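The following paragraphs lead through a protein model, moving from one helix to the strands around it and on to a hairpin. Please keep the coordinates open while reading.

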Amino acid sequence: MEPIDVIAGKVSVLDRSDVDTDQIMPKQFLKRVERSGFGQFLFYDWAKEPGWELPANPILATGENFGCGSSREHAPWGLQDYGFRAIVAPSFADIFYSNCTKIGLLPVVLAESQVRALMAAGEAEVDLAAQEVRFAGQLAPFEIDAEIKHRLLGGLDDIALTLKQADAIAAFERERENRIPPALAGSDTTAL
């Protein structure tokens with residue numbers, strides 16, 4: 001996972017609320033086993049609508065309750081594969097929010113008025129370390145869990161976090177090899 005510090009660039013606008021994961025990544029595209037290649041199917045049905053345009057910019061600004069519906073991981077995978085690195089909205093579905101942070105896609109919650117101002121600005125900087133979004137001379141602070149922030153700044157997914165404990169895991173496994181299971185403690189183990 002790539003570390004996140006500052007995400008800067010143009011803002012794509014999806015001015016819709018209650019965007020569910022089936023619209024983000026329709027079910028017929030969930031058969032793939034790898035995490036890449038989903039961007040081409042992003043908003044597949046909506047992309048057929050006349051006048052649809054959603055440029056692949058680093059920042060997506062959208063409406064409240066983004067990512068509601070089923071908990072499919074493919075939705076964040078598709079958004080990231082398409083080119084988005086940060087999504088700014090008034091609110092997110094909880095599981096969707098968590099799925100984003102696990103792959104290095106930064107979900108940012110701002111007040112609806114701030115999201116609307118960001119949409120109008122067209123360009124922004126999302127600064128994770130400072131926990132602020134800067135656009136059109138404005139500065140909008142945002143909250144994020146300290147552990148999630150640490151993982152995103154360090155580019156640490158679940159596997160990388162586990163590997164940081166490799167020495168402790170190896171020590172545990174060595175100790176475990178010589179341990180007598182509690183059910184057998186005090187009994188004659190020579191017959192085993």
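In this predicted model, a convenient place to begin is helix H3, whose buried residues pack against H1, H2, S3, strand S4 (106-109) and helix H5 (146-154). Helix H3 itself covers residues 94-103, and its buried positions are Phe96, Tyr97, Asn99, Cys100, Thr101 and Ile103. An α-helix has 3.6 residues a turn, so residues three or four places apart point the same way. Directly after H3 comes Gly104, which has a positive phi near 90°.

One of the buried residues of H3, Phe96, also belongs to the residues with the most contacts inside the largest nonpolar core, a group completed by Phe43, Phe66, Leu79, Leu106 and Val133. That core has 50 residues. As a general background, nonpolar side chains in soluble globular proteins tend to be buried together.

From the helix we can turn to the strands, and in particular to S2, which consists of residues 59-62 and is covered on both faces, with Ile59 and Ala61 buried on one side and Leu60 and Thr62 buried on the other. Strand S2 pairs with strand S1 (residues 6-14) in the parallel sense through 4 bridges, and it is also joined by 3 bridges to strand S3 (residues 86-89), again in parallel. Leu60 illustrates both pairings, since Ser12 stands opposite Leu60 in the one and Ile87 of S3 stands opposite Leu60 in the other. Between S2 and S3 the chain passes through helix H2 (residues 74-82), and the three elements make a right-handed β-α-β unit.

Helix H1, another of the elements against which the buried residues of H3 pack, spans residues 21-24 and contains Gln23. The side chain of Gln23 makes a polar contact of 3.1 Å with the side chain of Trp46, and, with neighbours within four places in sequence set aside, Gln23 is in contact with Phe43, Tyr44, Asp45 and Trp46. Phe43 thus links this region to the residues with the most contacts inside the largest nonpolar core.

The last stop is the hairpin of strand S6 (residues 132-135) and strand S7 (residues 138-141), which run antiparallel and are joined by 4 bridges. Phe135 has Gln138 in S7 as its bridge partner, and of the 2 residues between the strands, Ala136 takes a positive phi near 45°. Val133, already named among the core residues with the most contacts, touches Gln138, Leu139 and Ala140, and its further contacts include Val108, Leu110, Leu118 and Phe142, where residues up to four places away in sequence are not counted.

Notes
Residues numbered from 1 in each chain as written. Predicted model: local features only at pLDDT ≥ 70, side-chain atom pairs only at ≥ 80, totals over all residues. Heavy atoms only, no water. Buried < 20%, exposed > 50% of the residue type's maximum accessible area, 1.4 Å probe, protein only. Pairing = 2+ DSSP bridges. Right-handed = clockwise from strand over helix to strand, strands pointing away. Core = buried A, V, L, I, M, F, W, Y, C linked by side-chain atoms within 4.5 Å. Contact = heavy atoms within 4.5 Å. Polar contact = N/O pair within 3.5 Å; in protein donor to acceptor, adjacent residues only side chain to side chain.
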